[in-house]
Amino acid sequence: MRPPRALRSVPLDERGVALVSFCGHCGTRPEPSALAAQPSRVCGHCGLGLVLHAGGDVAPRRDQPFLVVDATLSVCAVSAAAEELLGIDETQAVNKHIADFLVPADANAPSAEHLLTLLIEVAGGSGEPRTTVVRPRHEFGVRFRARIGSCGSPQAALLVLI
Ligand SMILES: [Zn+2]
């Protein structure tokens, strides 16, 4: 009987959670072997997005819409599913302020839970993923739960609509 193969070392985030790779456009999670074979950071599936990394408890699952926001609250990426859900175009959204697209569902929420505060903290690399409730800026009847955690690289906040 052959001995079991040695476990590969898995990269971890600062909390010790295993990192997951995913495309910033289509959300596809590339196989580790594909990543090794293709050192380019461009997604091998859609050829449009860059491959990003986030903790397994933060990374979007297949078809979950998401946006990536930096510490200045500028939009860095909008997934294809989020483009469709929010009716926005990534090329027009990039470098705009996140509040042009999503705002807190409850404007009176305590400041610790405020969407923008959360995004700045997370994009700065602090702590645990959190959830909040958001709505599209121009729609009042629609709400989404959002999971916010850090991703990279470069360091940014990942906002997944769940
Ligand atoms: Zn892709």
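User: Helices (H or I, at least four residues) and strands (E, at least two) are DSSP runs, numbered from the N terminus. With that in mind, in which loop is the place of Pro-154?

Analyst: Happy to start there, with the reminder that this is a predicted model. Ser-153 lies in the loop between E7 and E8, and a cis peptide bond joins Ser-153 and Pro-154. The place of Pro-154 is likewise in the loop between E7 and E8.

User: A cis peptide bond joins Gly-152 and Ser-153; what is omega there?

Analyst: Most peptide bonds are trans. The bond between Ser-153 and Pro-154 is cis, with omega at about 0 degrees. For the cis bond that joins Gly-152 and Ser-153, omega is about -20 degrees.

User: Which element of the protein has the highest mean pLDDT?

Analyst: Begin with the whole protein: its average pLDDT is 88, and 90% of the residues score at least 70. Among the elements, the lowest mean, 72, belongs to helix H1 (residues 32-37). At the other end, with a mean of 98, is strand E3.

User: Which residues coordinate the zinc ion?

Analyst: A good clue is the spacing of the donor residues in sequence, C-x2-C-x16-C-x2-C. Each donor is an SG atom, and the coordination is at 2.3 Å. The residues are Cys-23, Cys-26, Cys-43 and Cys-46.

User: What is the geometry of the site of the zinc ion, with its four donor atoms?

Analyst: Ideal angles for four tetrahedral donors are 109.5 degrees. Here the angles among the four donor atoms run from 103 to 113 degrees. Four donors count as tetrahedral if all angles lie between 85 and 135 degrees. The site of the zinc ion is therefore tetrahedral.

User: Is Cys-26 buried, partly exposed or exposed?

Analyst: Buried means under 20% relative accessible area and exposed means over 50%, with partly exposed in between. Cys-23, at 1%, is buried. Cys-26 has a relative accessible area of 26%, so this residue is partly exposed.

User: Why is strand E1 largely enclosed by the rest of the structure?

Analyst: E1 covers residues 19-23 and pairs with strand E2 (residues 51-55) in the antiparallel sense over five bridges. Within that pairing, Leu-19 stands opposite Gly-55. E1 is largely enclosed because, of its five residues, the number that are buried is four.

User: Which element gives the largest share of the largest nonpolar core?

Analyst: This core has 24 residues, and those with the most contacts inside it are Leu-67, Ile-98, Leu-102, Leu-119, Leu-159 and Leu-161. The elements that give two or more residues to it include E3, E4, H2 and E8. The largest share, five residues, comes from H4.

User: How many residues are in the second, separate core?

Analyst: It helps to look at who belongs to it: Val-20, Phe-22, Leu-52 and Ala-77 are among its members. The number of residues in this second core is 13.

User: Is Ser-79 buried or exposed?

Analyst: Ser-79 sits in the loop between strand E4 (75-78) and helix H2 (80-86). Leaving out residues up to four places away in sequence, Ser-79 touches Gly-24, His-25, Gln-64, Pro-65 and Phe-66. Its relative accessibility is 1%, and therefore Ser-79 counts as buried.

User: What is the phi of Asp-63, which is not a glycine?

Analyst: Most residues other than glycine have a negative phi. Asp-63 is found in the loop between E2 and E3, and it is exposed, with a relative accessible area of 59%. Its phi is positive, at about 75 degrees.

User: Is Asn-95 buried or exposed?

Analyst: Asn-95 also has a positive phi although it is not a glycine. Its place is in the loop between helix H3 (90-93) and strand E5 (102-104). At 63% relative accessibility, Asn-95 counts as exposed.

User: How far apart in space are Ala-105 and Val-134, C-alpha to C-alpha?

Analyst: Ala-105 is in the loop between E5 and H4 and counts as buried at 14% relative accessibility. Not counting residues up to four places away in sequence, Ala-105 touches Val-133, Val-134, Arg-135 and Arg-143. In sequence Ala-105 and Val-134 are 29 residues apart, and in space their C-alpha distance is 4.4 Å.

Methods: Residues are numbered from 1 along each chain as its sequence is written. This is a predicted model: local features need pLDDT of at least 70, side-chain atom pairs count only at pLDDT 80 or more; totals for chains, interfaces and linings use all residues. Side-chain values use heavy atoms; hydrogens and water are left out. pLDDT is the predictor's confidence in each residue, from 0 to 100. Buried means under 20% relative accessible area, exposed over 50%, partly exposed in between (1.4 Å probe, protein chains only). Contact means heavy atoms within 4.5 Å. Donors are N, O and S atoms within 2.8 Å of the metal (3.2 Å for Na, K and Ca); water is not among the atoms, so sites may look incomplete. Four donors count as tetrahedral if all angles lie between 85 and 135 degrees; four count as square planar and six as octahedral if opposite donors are over 155 degrees apart and all others between 65 and 115; anything else is irregular. Two strands pair if DSSP finds at least two bridges between them. A nonpolar core is a set of buried Ala, Val, Leu, Ile, Met, Phe, Trp, Tyr and Cys residues joined through side-chain atoms within 4.5 Å.
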